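Reader: I should like a close look at a single part of this model, namely the place where two of its chains meet. Could you describe it carefully, and say how the copies are placed around it?

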Number of protein chains: 4
Amino acid sequence: MSGNTLGMLFTVTTFGESHGPAIGCVVDGCPPGMELAEADIQPDLDRRKPGTSRHVTQRHEDDKVEILSGVYEGRTTGTPIALLIRNVDQRPKDYAKIATSFRPGHADYTYLRKYGIRDPRGGGRSSARLTAPAVAAAAIAKKWLREKHGVEVRGYLAQLGKKAIPFKSWEPVYDNPFFAPNAAIVPELESFMDALRKSGDSCGARINVVASGVPSGWGEPLYGRLDADIAQVMMGINAVKGVEIGAGFRSIEQLGTEHSDEMTPEGFLSNNAGGILGGISTGQDIVVSIAIKPTSSIRLPRRTIDIEGHAATIETHGRHDPCVGIRATPIAEAFLALVLIDHALRHRAQNADVAERVKRVPAQAKKAKAAAGKKLEDPDPLEA
Amino acid sequence: MSGNTLGMLFTVTTFGESHGPAIGCVVDGCPPGMELAEADIQPDLDRRKPGTSRHVTQRHEDDKVEILSGVYEGRTTGTPIALLIRNVDQRPKDYAKIATSFRPGHADYTYLRKYGIRDPRGGGRSSARLTAPAVAAAAIAKKWLREKHGVEVRGYLAQLGKKAIPFKSWEPVYDNPFFAPNAAIVPELESFMDALRKSGDSCGARINVVASGVPSGWGEPLYGRLDADIAQVMMGINAVKGVEIGAGFRSIEQLGTEHSDEMTPEGFLSNNAGGILGGISTGQDIVVSIAIKPTSSIRLPRRTIDIEGHAATIETHGRHDPCVGIRATPIAEAFLALVLIDHALRHRAQNADVAERVKRVPAQAKKAKAAAGKKLEDPDPLEA
Amino acid sequence: MSGNTLGMLFTVTTFGESHGPAIGCVVDGCPPGMELAEADIQPDLDRRKPGTSRHVTQRHEDDKVEILSGVYEGRTTGTPIALLIRNVDQRPKDYAKIATSFRPGHADYTYLRKYGIRDPRGGGRSSARLTAPAVAAAAIAKKWLREKHGVEVRGYLAQLGKKAIPFKSWEPVYDNPFFAPNAAIVPELESFMDALRKSGDSCGARINVVASGVPSGWGEPLYGRLDADIAQVMMGINAVKGVEIGAGFRSIEQLGTEHSDEMTPEGFLSNNAGGILGGISTGQDIVVSIAIKPTSSIRLPRRTIDIEGHAATIETHGRHDPCVGIRATPIAEAFLALVLIDHALRHRAQNADVAERVKRVPAQAKKAKAAAGKKLEDPDPLEA
Amino acid sequence: MSGNTLGMLFTVTTFGESHGPAIGCVVDGCPPGMELAEADIQPDLDRRKPGTSRHVTQRHEDDKVEILSGVYEGRTTGTPIALLIRNVDQRPKDYAKIATSFRPGHADYTYLRKYGIRDPRGGGRSSARLTAPAVAAAAIAKKWLREKHGVEVRGYLAQLGKKAIPFKSWEPVYDNPFFAPNAAIVPELESFMDALRKSGDSCGARINVVASGVPSGWGEPLYGRLDADIAQVMMGINAVKGVEIGAGFRSIEQLGTEHSDEMTPEGFLSNNAGGILGGISTGQDIVVSIAIKPTSSIRLPRRTIDIEGHAATIETHGRHDPCVGIRATPIAEAFLALVLIDHALRHRAQNADVAERVKRVPAQAKKAKAAAGKKLEDPDPLEA
């Protein structure tokens, strides 16, 4: 598998280029008997799609998903679910120049070096548009995780450029174009983005994603660790340059007494682990944070070379997001869900017979905190 | 594969527990005809092994590796190379208590939740000791990468607790017990560690790893991205909580004009990408940075529960590293090398016929910098 | 991967049901730069498709293939090639009864037992129609094998019911609806089939497939043996109940002096091995023979049970092949090609550097036979 | 994975050469909590090992297995189980000649062609000795299959050279050196083998293997079909040239009314399917038959070439089985068990929630036969 299949048991094999006839994926291994229709998938695609606000690319794509197989009379049959999304807005003329010059920060150069040939239209296979099939596949995963295990996977924008966004609550996340968990800060974000867009430059972002309700025991030793697999899919998202689980890079400066999450009969007293110990879920929230680099396609002139190796200058005038991070929240959620369902199935394959021999530590930390005299209202998952 | 096999074409399947009879691995897919003997592997194991200074665990393990197969008359045959390391220093009595109580920050709880049973001796399968077989396997990978492609994989300690360690040069890395790239700072590190050890607490660390000489073109689209696979193995190392490629989390606050590495006929002008664009190597240094949490096993008393779920207190008096990060440098190097060889083989499987149709951008950035008027001596890979 | 992806490096992930909206596949790992268009794929699909003579099912399917991705300006890009075939002739009314009763010899019962649900229309996922995407994918594989290595993969009908079909030459294979390598016997086959069709019963068949031009060295030890992987894909074809390589079951009664193929400087003196020794190709023709059971869907009444477990009788009046073996030749060729390309890529991944240290034994056995005084004209691959 | 790992969830990674220091394997994915000791594994190894009668090779190997990991206090922990078998009887001098000439029918030539190097001692990696680790691993699989599902996997010698061995009952299988299911025929077999051994030649054999108690529902569509995976492992056993499921090659000459197994509320009326329909188990006995070629290493002179390509003659005077089929019964059982456990785990991963919505057809066919007026005593699994 040359890099286009994700997962071991719940697998997603994607195909397509940004400006080819269609993109899509084949989802294999979905448990049978689950109700499923396009209407279960479309909302997640709509959250991800371009053109939803002035702060993102104005490229127009309906991203209408069609289920081609694997569903009979409204239920999954256990056989492959093929999802097809026809591309609508193809303007190959926008991309004439990038066929001959490399855009700094882009995969143009590396794809040509690897394959000796590439589809330059819209970034071809390396376009962030290719996250759409994964988002569609993950809508299936999320539905199963919710119905079977009560797992919820949610994300939010935690930082935009230099601007940190303090977590207030989940509610506003779904009501603003930034997926900001803090309604009060939205006007500031809008002004910032308007200025940035006007400048022709771009900026980075931080996205946090949280899965709650994950039972303890998912994950595998060493090379199938849950945190390792999460890191892989997150770093695999376009423009991601860093991944943290729980305390992440803050762990470097912590002492052992500070970092290690103490346990009480009422639960863990903190969640520096981010819900994973030894690669296996603890039952606490799984907390992931990712760094997204600034968009590489910008209007400002940049030094580069052409495919003959000569010096050149390039400005990218296509329709691009000034901050790809703004649309990254549903994508990050999707990939976390895909890892979780795969591990849920892997876990029960091997361990379905494990008796409930150990008394479960309540994952929900509220009682523990109360017992420990800590404040109870803090909703920030990173401080859970 | 329940998490104990790494790689697709150059695979490492490990086995063993910290205090069982032996640990080891089976390396499959090694190209045939390469000279190989235990002497090629032992030095890397020796760099990783415990007991080499007062700053690391005093557990005594020779870590002598035995090649059981796959080598005939001093050359690899292309068949599986089994590596065996007998455990020597087994003191199960040290671990009586942890059989019944969970150590905060440890995998004790999650392993028991997952499997309903666990080997508590020395952390069993979740012990950092299990990185030894991977280090041994990686010595083979490094040899092939060096001989075939001139690739060098090197790492260093970049931060110890709150103490950042400015990069001076590679030379001192091999001459001090911290793998610090800066001889002048070693006395400070020693004092810091002596105090930490005395306090009974532990601290975190940052390790940077750099692969130089990697040709452009290694890596695959989407889910087989080189950066994604690097993130996976790095996050899979015991105690790692964060992974960065290139500018990593600094990307969040960068502008596009700042982050994207411009190109000239003489090479890239910077390396914020960390040597990877679109998941495929650019030919520049591959630069990875990881966060290592403070050791969970500390002498100070911690609140926990026992396996019946009752409140308990635990102090861990075994022989433990006060900072596991100190010994992590050869481990991080090893995992980077394992990802690289796997991708080298995957790349030539698909793309061995790709003609050299594009003029290669010189990866070595020195001329480019000179042309751009930048300083030439800076040896810090993160600033390359 | 729940059974719908084939291969390790050149992978085919199929989807679809016989009477759903579409069937298709995603081909991943194809080497880049190869010329490819629908016209390269359609002929193989046309050879397989129904309705081409009165001896096969009269179901009408155009089986027009559409390339959705992975090809740019007429060349493969190295990224996934998605192939889509829309279903045209859907007559779900034909299948009302089989939704409630199990057809003997069919997968109806096992699919329902496995998944608790199944798509009964046309056999759903278990229909032989699902070989079409594999045939399409294999057309790509065959093209690469031919252009890169001069490999040809060809098959023919060797037996129809009790009627053996002596091999005369390859030419007639492409000119009669049975893929019979013997024009003189075609009228007999036609009479036999006409009578069989009239009787309402069905019969089995034997198909032989031969790959010529395969270099020595493809295949892997033990569980990745070339013959093992061939056996897997062949037994995975609908209705196949037996697989032989080379002398196959005749080996049981052979003596060692008879079976083992002697070697001379001019080549092997026989090919009982069927071109594979120790799981690795010898350079001789790879010779495979498969047994295909009689079609399960027949017009004659059969005892069965309904989904409530009650006794029932079933006759299948849909449009079915009285001998599925007649259309199996292009399918068997396809699967052999898919295994070969995967092993070609796997071989060069590991062994691209193996020097030509050993003088190659000419695979072509003609000179050897001449030297040994054997007849030279025998074209039967099984006697090569 | 270069061909040395078997399975997807219950995986066996083997290593070693016939005359190297040791052979062994790593078993990953074993469900935890099962009682396991060397004593559970050794009996199967003893059934396979050489030197147990005058009819097999007189090479002496204790084949004592050592469990290196994955078992704690007598129970599996769910982590990798490493099994080590030290080689004892190494007589490299026996193999001086075959280092420079190719043995007809052997992997000598293909290994050298593939890797450019090979370990000639005892056939190296291609030796049938390498089935020992798989037999050891399968002893674990068989134990789990028996304890969890009541599955029994048993095999027997069905034909020796031209001599068919009618099945009488399972009892004698374990009491004669041929695994013949018919005590009366054993003297004939002994005379035949004595004469064969004296002649210096070798012969082939047929082995049948039967798994009873397999529930319906194991197996996957298309490329993960249970019969396909069985065919793969069987064809992967040294010297196997053909594989049949159920009626196998007899299907060619059967009519549909004859082949397809009718169903009644009491069960199936026959088992031409061999317990598998559409790649998924029916609940009937799984019946497999394999053809084993005559031993390639014989004392009689054979024409060959040396590694320089010059004509040569070779006689193989090492200690070899005159019929490798005699020792193949426990090996074939082992591989069937390994496929079954892998599919058992894969099945519950995806389908653990499938309700028992369909009334199960009794797999045991006795009542059905009685109802159909057929004889009840026939114990031959092929006629079940």
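**The meeting of chains C and D**

Author: Chain A is superposed on chain C by a rotation of 180° with 0.0 Å of shift along its axis, at an RMSD of 0.0 Å, where the fit is by least squares on C-alpha atoms of residues with pLDDT of at least 70 in both copies. That is the relation of a two-fold axis. The model is a predicted one, in which local features need pLDDT of at least 70 and side-chain atom pairs count only at 80 or more, whereas totals for chains, interfaces and linings use all residues. Residues are numbered from 1 along each chain as written, chains are lettered from A and ligands numbered from 1 in the order written, and side-chain values use heavy atoms, without hydrogens and water.

Of the interface residues of chain A, 100% are also interface residues in chain C, so the copies meet through the same surface; contact here means heavy atoms within 4.5 Å. For the pair that you ask about, a turn of 180° and a shift of 0.0 Å along the axis lay chain C on chain D with an RMSD of 0.0 Å. Among the residues of chain C, C:Gln232 comes closest to this rotation axis, with its C-alpha at 2.3 Å. Here too the same surface serves both copies, since 100% of the contact residues of chain C recur in chain D.

The contact itself takes 118 residues from chain C and 118 residues from chain D. About 9,800 Å² is buried between these two chains, with carbon and sulfur atoms giving 58% of that area, which is the accessible area (1.4 Å probe) lost on putting the parts together, summed over both. Four salt bridges are found across the interface of chain C and chain D (Lys or Arg side-chain nitrogen within 4 Å of an Asp or Glu carboxyl oxygen). One of them joins the side chains of C:Glu262 and D:Arg303, at 3.3 Å from N to O. On the side of chain C that touches chain D, helix H2 (residues 108–115) gives the most, with seven residues; helices (H or I, at least four residues) and strands (E, at least two) are DSSP runs numbered from the N terminus.

Strands also pair across this boundary. Strand S11 (residues 240–245) of chain C and strand S11 (residues 240–245) of chain D run antiparallel over three bridges, pairing being accepted when DSSP finds at least two bridges. Within that pair, C:Glu244 has D:Gly242 in S11(D) as its bridge partner. The wider setting is an open, antiparallel sheet of 10 strands, ordered S9(C)-S8(C)-S10(C)-S16(C)-S11(C)-S11(D)-S16(D)-S10(D)-S8(D)-S9(D). Its edges are strand S9 (163–164) of chain C and strand S9 (163–164) of chain D, each of which pairs on one side only. Moving into chain D, S11(D) pairs antiparallel with strand S16 (residues 286–292) of chain D over five bridges, and D:Val240 has D:Ile292 in S16(D) as its bridge partner.

Chains A and B offer a further sheet for reference. There 10 strands form an open sheet with antiparallel pairing, in the order S9(A)-S8(A)-S10(A)-S16(A)-S11(A)-S11(B)-S16(B)-S10(B)-S8(B)-S9(B).
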